[in-house]
Amino acid sequence: SDLDKFRNYFLKNEEDETSELWKKVKPKFIENKTAAYLVKTFKYAEKLENASNGDHFQEEEPESPDSLPYDLVVASPAFDIWSFGSLLYTLFTDTTLFKLNRKDDLVNVSAMEELYNWDEEKNKKYTQRITIRVARKLVSKLLQRDLPDCDLPDRYNTMASILEDDFFKIDLEGEPHYEEDILEKVIKFSE
């Protein structure tokens, strides 16, 4: 089964079952054990390479991704946009979207199920907790689910496009907005 493939990929010996990595990535089963949630992740294979100046550095790449029961997900700006929306949600509500542990991992199967089943209804339910209307509108756009073949006209496609949102153009309390300058620095740093 796919769960067996996943388990075999991460557990090469009995000691691995008590490892921090396995505790973090092992599938989380719903109560009746008819389904499980897991994060599509992989282990890194470590290689030592020589740099041109003779120094050694460590290069990491996925270890045997062909043996996983799923294809690796290609990174996209949508991940960063969702994460930024989640961060803003936390800043505006003083709470996280989902229950997390100290390492910012989802703590249980209920949190994974909530994230997996994220839709417009959940988006509205959660973002209603944001009291500033223009901030609520921005966060709602950032937390739209990124579905294949789904054209969302209000969805931001780049971090730079987020700066065009009304949130960064409106002076809420007579103070100048410095958020745009901060975000531009973040974007330049990440490029």
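Visitor: Where does Phe168 lie?
Guide: Helices (H or I, at least four residues) and strands (E, at least two) are DSSP runs, numbered from the N terminus. Phe168 lies in the loop between helix H7 (159-162) and helix H8 (179-190). Residues are numbered from 1 along each chain as its sequence is written, and side-chain values use heavy atoms, with hydrogens and water left out. The model is predicted: local features need pLDDT of at least 70 and side-chain atom pairs count only at pLDDT 80 or more, while totals for chains, interfaces and linings use all residues.

Visitor: Is Phe168 buried or exposed?
Guide: A residue is buried under 20% relative accessible area, exposed over 50% and partly exposed in between (1.4 Å probe, protein chains only). Phe168 has a relative accessible area of 7%, so it is buried. Its C-alpha atom is separated by 9.3 Å from that of Val134, and the two residues are 34 apart along the chain.

Visitor: How many helices and strands does the protein chain have?
Guide: The protein chain has 8 helices and 4 strands. Along the sequence they follow the pattern α-α-β-β-β-β-α-α-α-α-α-α. The protein chain has 191 residues, of which 28% count as buried.

Visitor: Which residues of helix H5 are buried?
Guide: Helix H5 covers residues 120-127, and Lys122, Asn123, Tyr126 and Thr127 are buried in it. Seen down the helix axis, these buried residues fall within an arc of 120° (taken from the directions from the axis to the C-beta atoms). They therefore line one face of H5. On the face turned away from that buried side, H5 carries the exposed residues Glu121 and Lys124.

Visitor: What covers the buried residues of H5?
Guide: The cover includes helix H3 (77-93), helix H4 (109-116) and helix H6 (133-142). It is read from contacts (heavy atoms within 4.5 Å). Asn123 is one residue of H5 to look at. Asn123 counts as buried because its relative accessibility is 0%. Leaving aside neighbours within four places in sequence, Asn123 is in contact with Trp118, Ser140, Leu143 and Gln144.

Visitor: Which residues of H1 are buried?
Guide: In H1, the buried residues are Phe6, Tyr9 and Phe10. Down the axis of H1 they fall within an arc of 85°, so they line one face of the helix. These buried residues pack against H2.

Visitor: Which residues have the most contacts inside the largest nonpolar core?
Guide: In soluble globular proteins, nonpolar side chains tend to be buried together. A nonpolar core is a set of buried Ala, Val, Leu, Ile, Met, Phe, Trp, Tyr and Cys residues joined through side-chain atoms within 4.5 Å. Here the largest one has 20 residues, and those with the most contacts inside it are Leu97, Leu138, Leu142 and Ile162. H3 and H6 each supply at least two residues of this core, and H6 gives the most, with 5 residues.

Visitor: What does Ile162 touch?
Guide: Not counting residues up to four places away in sequence, Ile162 touches Ile81, Phe84, Leu138, Leu142, Tyr156 and Phe168. There is also a second, separate core of 8 residues, and Leu11, Trp22, Val25 and Leu68 are among them.

Visitor: What share of the contacts is between residues 24 or more positions apart?
Guide: Among contacts in the protein chain with a separation of 6 or more, such residues account for 47%. Ser67 offers a case to look at, in the loop between strand E4 (56-62) and H3. Leaving aside neighbours within four places in sequence, Ser67 is in contact with Lys5 and Tyr9. The C-alpha atoms of Ser67 and Asn8 are separated by 8.9 Å, and the residues are 59 apart along the chain. Ser67 has 35% relative accessibility, so it counts as partly exposed.

Visitor: Where is Asp94 found?
Guide: Asp94 is found in the loop between H3 and H4. Its phi is near 60°, a positive value in a residue other than glycine. Asp94 counts as exposed because its relative accessibility is 72%. Asp104 also has its place in the loop between H3 and H4. The phi of Asp104 is near 65°, again positive in a residue other than glycine. At 60% relative accessibility, Asp104 counts as exposed.
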